[in-house]
Structure formats: structure tokens, C-alpha cells
Amino acid sequence: MSNVKPAEISAILRQQLSGFASEAQLEEVGTVLQIGDGIARAYGMDNAQSGELVEFENGLRGIVLNLEKTTWVSCFWALQRASKRALR
């Protein structure tokens, strides 16, 4: 078994992680038009696809269910009353 020095492992890890970008980049933004019974109707995000996971400004997540010409419909996951009020 070879002798592995902690300093060598640390140096390798630092080198590999030096190029890591921890900032998230927002690519598209939509606007919620209507909310009711765990369903949101929104427009924008022209590249949204059916089945795609979306995240709303307050952290709620949903899945794109129905794509129309100018709008899309999302169903919330784990919708709670407080979260529903926060979106209004």
C-alpha cells in the first residue's frame, strides 16, 4: 500500500476546485398571471418544456404541465397555505 500524504491530497483538491463557480445563473424569467388550487398560469420562458422543473421567486417549485402559444401551466409541489398567500 502506498503512503498518501494529506498535503498532496489537499493540493490536488484545491487545484481541481479552483475553477468551480458557485454562483447560479438565471437563464429565463416568466411572470405568473393566475394562481389557484395549486396551479399557476404564467407567461414568458419561451423555451420551457412540458415536464420541466421550474422554481418560483419564493422558492416554491413546480412542473410545467401544459404549454400554450403564449402561456404555460405549472402544478406546485407541496403547496401550503402560507406559500399560496405569498404568491398573491
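In this predicted model, strands β1 and β2 form a hairpin with 2 residues between the strands. Strand β1 covers residues 30–36 and is joined to β2 by 6 bridges. The two strands run antiparallel. Within this pairing, Gln34 stands opposite Arg41 of β2. The loop between β1 and β2 contains Asp37. The phi of Asp37 is positive, near 55 degrees, and Asp37 is not a glycine. Most residues other than glycine have a negative phi. Asp37 is also exposed, with a relative accessible area of 73%.

A positive phi appears again at Met45, where the value is near 50 degrees. Met45, too, is a residue other than glycine. The loop between β2 and β3 holds Met45. Here the surroundings can be compared with those of Asp37. Met45 has 17% relative accessibility and counts as buried, whereas Asp37 is exposed.

A second hairpin is formed by β3 and β4, with 5 residues between them. Strand β3 spans residues 53–55, and strand β4 spans residues 61–67. Their pairing is antiparallel and extends over 3 bridges. In the turn, Gly59 has a positive phi of about 95 degrees. Glu57 is found in the loop between these strands, β3 and β4. With 85% relative accessibility, Glu57 counts as exposed. Glu57 and Thr31 are 26 residues apart in sequence. In space, their C-alpha atoms are 9.9 Å apart.

The β3–β4 hairpin also carries a salt bridge. Glu55 has Arg61 of β4 as its bridge partner. The side chains of Glu55 and Arg61 meet in a salt bridge, with an N to O distance of 3.8 Å. A salt bridge is counted within 4 Å, so this pair falls inside the cut-off. The two residues differ in exposure class. Glu55 counts as exposed, at 53% relative accessibility. Arg61 is partly exposed, at 43%.

In the whole structure, 2 salt bridges are found. Another salt bridge links Arg41 with Glu68. The closest N and O atoms of that pair are 3.0 Å apart. Arg41 lies in strand β2 (residues 39–44), and Glu68 lies in the loop between β4 and β5 (71–76), so the salt bridge ties together parts that are 27 residues apart in sequence. Arg41 is partly exposed, with a relative accessibility of 28%. Glu68 is partly exposed as well, with 37%. Arg41 therefore has two partners described here: Gln34 opposite it in the strand pairing and Glu68 in the salt bridge.

Outside the hairpins, helix α1 covers residues 6–17 and includes Ile9. Ile9 is partly exposed, with a relative accessible area of 42%. Ile9 belongs to a nonpolar surface patch. The other members are Val4, Leu13, Leu17 and Phe20. Together, the five side chains' residues have about 530 Å² of accessible area. A patch residue needs over 30% relative accessible area, so Ile9 passes this cut-off at 42%.

These details fit into the following overall layout. The protein has 2 helices and 5 strands. From the N terminus, the elements run α-β-β-β-β-β-α. Of the 88 residues, 18% count as buried. The protein exposes about 7400 Å². Carbon and sulfur atoms supply 50% of that area. Among contacts with a separation of 6 or more, 34% come from residues 24 or more positions apart.

Confidence varies along the chain. The average pLDDT is 77, and 82% of the residues score at least 70. Helix α1 has the highest confidence, at a mean of 88. Helix α2 (residues 81–87) has the lowest, at a mean of 48. Over residues 78–85, pLDDT stays under 50. For residues 78–85, the model has 7 contacts beyond four places in sequence. Where pLDDT is low, the predicted coordinates should not be read in detail.

Definitions and conventions: Residues are numbered from 1 along each chain as its sequence is written. This is a predicted model: local features need pLDDT of at least 70, side-chain atom pairs count only at pLDDT 80 or more; totals for chains, interfaces and linings use all residues. Side-chain values use heavy atoms; hydrogens and water are left out. Patches are made of residues with over 30% relative accessible area and no salt bridge: like charges are joined within 9 Å, nonpolar side chains (Val, Leu, Ile, Met, Phe, Trp, Tyr) within 5 Å. Accessible areas come from the Shrake-Rupley method with a 1.4 Å probe; for residues, only the protein chains shown count as cover. Helices (H or I, at least four residues) and strands (E, at least two) are DSSP runs, numbered from the N terminus. Buried means under 20% relative accessible area, exposed over 50%, partly exposed in between (1.4 Å probe, protein chains only). Contact means heavy atoms within 4.5 Å. Two strands pair if DSSP finds at least two bridges between them. pLDDT is the predictor's confidence in each residue, from 0 to 100.
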